[in-house]
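Biologist: Could you walk me through this fold, one step at a time? I would love to learn how its parts fit together.

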Amino acid sequence: MSRVQLVELTVNGERHELAIEPRRTLVDVLRHDLGLTGTHVGCEHGICGACTVLVDGAPVRGCLVFAVQVEGGEIRTVESLAAPDGSLSDLQQAFSAHHALQCGFCTPGFLMLAEGYLAERPEATKEEIREVVASNLCRCTGYQTIVEAIDDCAGRRRAALQARLDAGRSA
Ligand code: FES
Ligand code: FES
């Protein structure tokens with residue numbers, strides 16, 4: 001007989017009360033209970049990174065975490081990136097501009113990996129970005145365009161921040 005536990009999850013800013021079995025993984029609950037199918041499942045062994053989501057801002061492999069373990073945390077999936085009107089985030093636009101996806105299966109994982117990483121390290125160098133993206137698997141792109149996209153986005157965010165600082169000084 002399966003034991004069901006009541007769990008409260010906050011996903012993309014929305015709170016959900018769910019009755020789930022403790023054995024269920026976070027990615028399984030996100031996809032099947034909450035209908036957030038943007039997060040993909042590849043290996044289910046922590047290897048490919050297709051299931052990457054953010055938990056309290058940090059990239060986490062959703063197939064390696066039980067949903068009950070992240071109760072109380074802030075979870076973000078790829079669905080949180082675009083604006084409510086559907087317009088793409090700066091990171092998504094950079095992926096598109098640099099052709100950083102082909103089949104797109106790995107893309108949600110790379111986007112959330114990059115989103116979490118750049119938030120923690122906005123001054124990341126291209127070499128650091130290259131090292132970070134090595135944690136996820138992409139069989140199509142050869143990685144170069146993914147690195148270019150993340151580096152471009154990081155540069156634009158730094159330039160925008162600098163412009164805001166300059167405007168604040170001259171005000
Ligand atoms: S599906 Fe989670 S790491 Fe591959
Ligand atoms: S774009 Fe196809 S696996 Fe990465």
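**Strands, helices and two domains**

Modeller: Happy to, and please keep in mind that this is a predicted model. A good place to begin is a pair of strands: S3 (residues 52-55) and S5 (residues 74-76) run antiparallel, joined by two bridges.

Biologist: In S5, which residue is the bridge partner of Leu54?

Modeller: Leu54 belongs to S3, which covers residues 52-55. Its bridge partner in S5 is Arg76.

Biologist: Which strands stand at the edges of the sheet, and why is one side of each left without a neighbour?

Modeller: The sheet is open and mixed, with five strands in the order S2-S1-S5-S3-S4. A strand at the edge has a single partner strand, so one side of it has no neighbour in the sheet. The strands at the edges are S2 (14-20) and S4 (58-61).

Biologist: What angle does the direction of helix H3 make with that of S3?

Modeller: Helix H3 (residues 107-120) packs on the sheet, where it touches S3 and S4. Its direction and that of S3 make an angle of about 30°.

Biologist: Which strand gives the largest share of the side of domain 1 that touches domain 2?

Modeller: The domain assignment splits the chain into domain 1 (1-80) and domain 2 (81-171). Where they meet, 16 residues of domain 1 are in contact with 15 residues of domain 2. On the domain 1 side, S3 and S4 each supply at least two residues. The largest share, three residues, comes from S3.

Biologist: How many charged residues does that side of domain 1 have?

Modeller: By class, it has nine nonpolar and seven polar residues. The number of charged residues there is none.

Technical notes. Residues are numbered from 1 along each chain as its sequence is written. Chains are lettered from A and ligands numbered from 1 in the order in which they are written. This is a predicted model: local features need pLDDT of at least 70, side-chain atom pairs count only at pLDDT 80 or more; totals for chains, interfaces and linings use all residues. Two strands pair if DSSP finds at least two bridges between them. Helices (H or I, at least four residues) and strands (E, at least two) are DSSP runs, numbered from the N terminus. Two residues are in contact if their C-beta atoms, placed from the backbone, lie within 7 Å. Axes are lines fitted to C-alpha atoms, for helices over the stretch in contact, and angles run from 0 to 180 degrees between N-to-C directions. Domain bounds come from an automatic or database domain assignment. Ala, Val, Leu, Ile, Met, Phe, Trp, Tyr, Cys and Pro count as nonpolar, Asp, Glu, Lys and Arg as charged, and the others, Gly among them, as polar.
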